[in-house]
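Here is a quick walk through a protein model, from the overall picture down to a few helices and side chains. Have the structure open and turn it as you read.

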Amino acid sequence: YEKGLLYSSFSESLDQKQKHQLCNSAEETMLSQKQAEEAIVSNLNETEHEVGSTREEEREQDHSMFSLKSILWHGGSVWDAWFSCASNQVAQVLLTLPYSFSQLGMLSGILFQVFYGIIGSWTAYLISVLYVEYRTRKEKENVNFKNHVIQWFEVLDGLLGPYWKAVGLAFNCTFLLFGSVIQLIACASNIYYINDKLDKRTWTYIFGACCATTVFIPSFHNYRIWSFLGLGMTTYTAWYLAVAAIVHGQVENVTHSAPTKLVLYFTGATNILYTFGGHAVTVEIMHAMWKPQKFKYIYLLATLYVYTLTIPSAVAVYWAFGDMLLNHSNAFSLLPKSGFRDAAVILMLIHQFITFGFACTPLYFVWEKVIGMHDTKSICLRALARLPVVIPIWFLAIIFPFFGPINSAVGSLLVSFTVYIIPSLAHMLTYRKASARQNAAEKPPFFMPSWTAMYVLNAFIVVWVFVVGFGLGGWASMTNFIRQIDTFGLFAKCYQCPPPAPPHVVAAPPPHAHH
């Protein structure tokens with residue numbers, strides 16, 4: 001009986017403990033379910049809020065799409081990117097291509113344009129692939145780029161490390177710096193053919209102040225109307241050169257002796273390398289797009305249009321004037337003065353102002369990041385912070401006013417690495433491992449059979465540009481550049497200006513005879 005009582009009391013105590021444990025576990029389960037429900041509700045609320053805000057933003061975007069401000073100021077479509085690429089690719093260099101043809105000859109000039117246009121389009125494609133790869137990896141790490149513009153050196157840093165970042169930053173910034181210098185020199189060179197009362201150095205002072213106003217344009221989003229107008233201006237100028245040269249006809253005893261010297265030959269080839277190497281701002285243009293993944297073939301399509309501008313104009317002017325172009329690096333200098341020529345000069349001046357902004361804006365971004373002003377929303381504060389970038393550009397344009405030869409020097413020493421060699425090497429190293437190729441954000445294009453074929457093409461570009469562009473082109477262009485310094489000197493007041501006409505001396509009247 002006692003054993004029975006003990007057993008019953010023990011079982012009751014066990015039941016109570018179990019009941020107590022069950023109650024506790026039930027309460028914990030209910031609490032956890034309640035917390036989960038609250039979390040789900042909060043997430044749903046957040047999602048609904050995000051969806052609502054997104055829909056509201058979409059509605060605002062759709063509404064603003066038809067507003068004047070959106071049409072003129074806010075650009076991010078595929079067409080905006082195409083206009084930016086085509087407008088930025090060919091500007092003042094259009095005026096120096098006949099000069100390059102006089103160094104290369106007609107056939108070599110056309111072949112080099114086609115060849116470097118294709119290679120340039122391919123390396124621009126590589127840059128776009130690396131940008132998408134970098135951004136995909138960073139977005140997986142929840143990195144937000146809302147108030148940050150991605151640049152090429154940051155892509156290299158994220159994919160290959162700090163050493164590549166330093167190399168990319170050095171080459172890119174130096175190229176863009178001298179690219180801006182070239183636009184400023186071109187402005188002074190062109191305006192001289194309308195108004196020669198001021199020398200070219202004085203015009204450089206004036207246009208340096210004018211181009212400094214680009215500090216007020218925040219980013220490539222805001223170049224929509226400028227890109228459109230710039231391409232229209234270049235198109236007019238290119239076809240003016242072609243038609244005016246044909247109407248003018250060949251000069252008396254015209255000769256087409258090129259190629260005659262290796263120095264001139266590789267100088268001309270390097271200028272064409274520079275012509276189709278204008279994609280140092282590819283990453284910034286992509287980042288300004290609403291859907292950067294669609295950029296892949298935009299540069300190629302822009303290049304195909306640029307062919308219709310560069311080849312006819314250069315061929316026609318070289319046909320008309322031949323070897324005279326060797327001493328006239330600006331095609332405007334040989335065409336007769338007319339209203340059409342003045343219109344072409346003015347339009348090119350405006351377009352060079354736009355291209356100055358294209359080249360300088362990435363430098364503005366770098367400087368803003370250095371001084372910690374990149375996230376500032378005030379346009380006036382950012383403009384004030386950007387002004388120190390313009391000063392060295394202004395100064396260098398006054399030191400080296402050699403319109404034409406400076407293009408080849410920049411092409412061989414800077415463009416060859418910035419937009420040809422470094423992107424090809426970076427692509428090869430980024431996808432050197434099988435795991436990287438397997439998880440690549442962008443697979444090889446449809447016309448490339450395998451990764452091996454891409455490696456072979458990239459290796460060919462690296463070797464060709466290093467040997468022909470940097471090696472032979474660097475030797476030739478620097479030899480020509482030094483020759484210009486010896487002939488005209490640094491700080492040349494009026495580079496390649498015609499000598500002043502001798503003063504008209506009025507003969508003194510004969511003395512009167514005295515009787």
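What follows goes from the whole chain to two straight-measuring helices, and then to a surface patch and a buried threonine.

Keep in mind that this is a predicted model. The protein chain has 17 helices and zero strands. Of its 515 residues, 50% count as buried. Among contacts with a separation of 6 or more, 86% are between residues 24 or more positions apart. On the outside, the accessible surface comes to about 25300 Å², and carbon and sulfur atoms hold 66% of that.

Two of the helices can be checked against the span expected at 1.5 Å a residue:

| Helix | Residues | Expected span | Distance between end C-alpha atoms |
|---|---|---|---|
| α8 | 200-211 (twelve residues) | 16 Å | 16 Å |
| α9 | 224-248 (25 residues) | 36 Å | 36 Å |

For α8, the expected and modelled spans agree, and the same goes for α9. Just after α9 comes G249, which has a positive phi, near 80°.

Now for the sides of α8. Which of its residues are buried? They are K200, W203, T204, F207, G208 and C211. Looking down the axis of α8, you'd find these buried residues within an arc of 140°, so they line one face of the helix. The general rule behind such a pattern is that an α-helix has 3.6 residues a turn, so residues three or four places apart point the same way. As for what sits over the buried residues of α8, the cover includes α7 (162-191), α13 (339-371) and α14 (379-399).

Next, the surface. A nonpolar patch there is formed by L262, V463, F466, V467, L472 and W475, which together have about 570 Å² of accessible area. Helix α17 (residues 451-488) is the biggest giver, with five residues in the patch. L262, for its part, belongs to helix α10 (residues 262-275).

Helix α10 also offers a nice pair to look at. Is L262 buried or exposed? L262 has a relative accessible area of 55%, and the cut-off for exposed is over 50%, so it counts as exposed. T270 lies in α10 too, but its relative accessibility is 3%; buried means under 20%, so T270 counts as buried. Leaving aside residues up to four places away in sequence, T270 touches S408, G411, S412, G469 and G473.

How values were computed:
Residues numbered from 1 in each chain as written. Predicted model: local features only at pLDDT ≥ 70, side-chain atom pairs only at ≥ 80, totals over all residues. Heavy atoms only, no water. Patch = residues over 30% accessible without salt bridge, like charges linked within 9 Å, V, L, I, M, F, W, Y side chains within 5 Å. Areas by Shrake-Rupley, 256 points an atom, 1.4 Å probe, with all protein chains shown as cover. Salt bridge = Lys/Arg side-chain N within 4 Å of Asp/Glu carboxyl O. Helix = DSSP H or I, 4+ residues; strand = E, 2+ residues; numbered from the N terminus. Buried < 20%, exposed > 50% of the residue type's maximum accessible area, 1.4 Å probe, protein only. Contact = heavy atoms within 4.5 Å. Expected span 1.5 Å × (residues − 1). Arc of directions from axis to C-beta.
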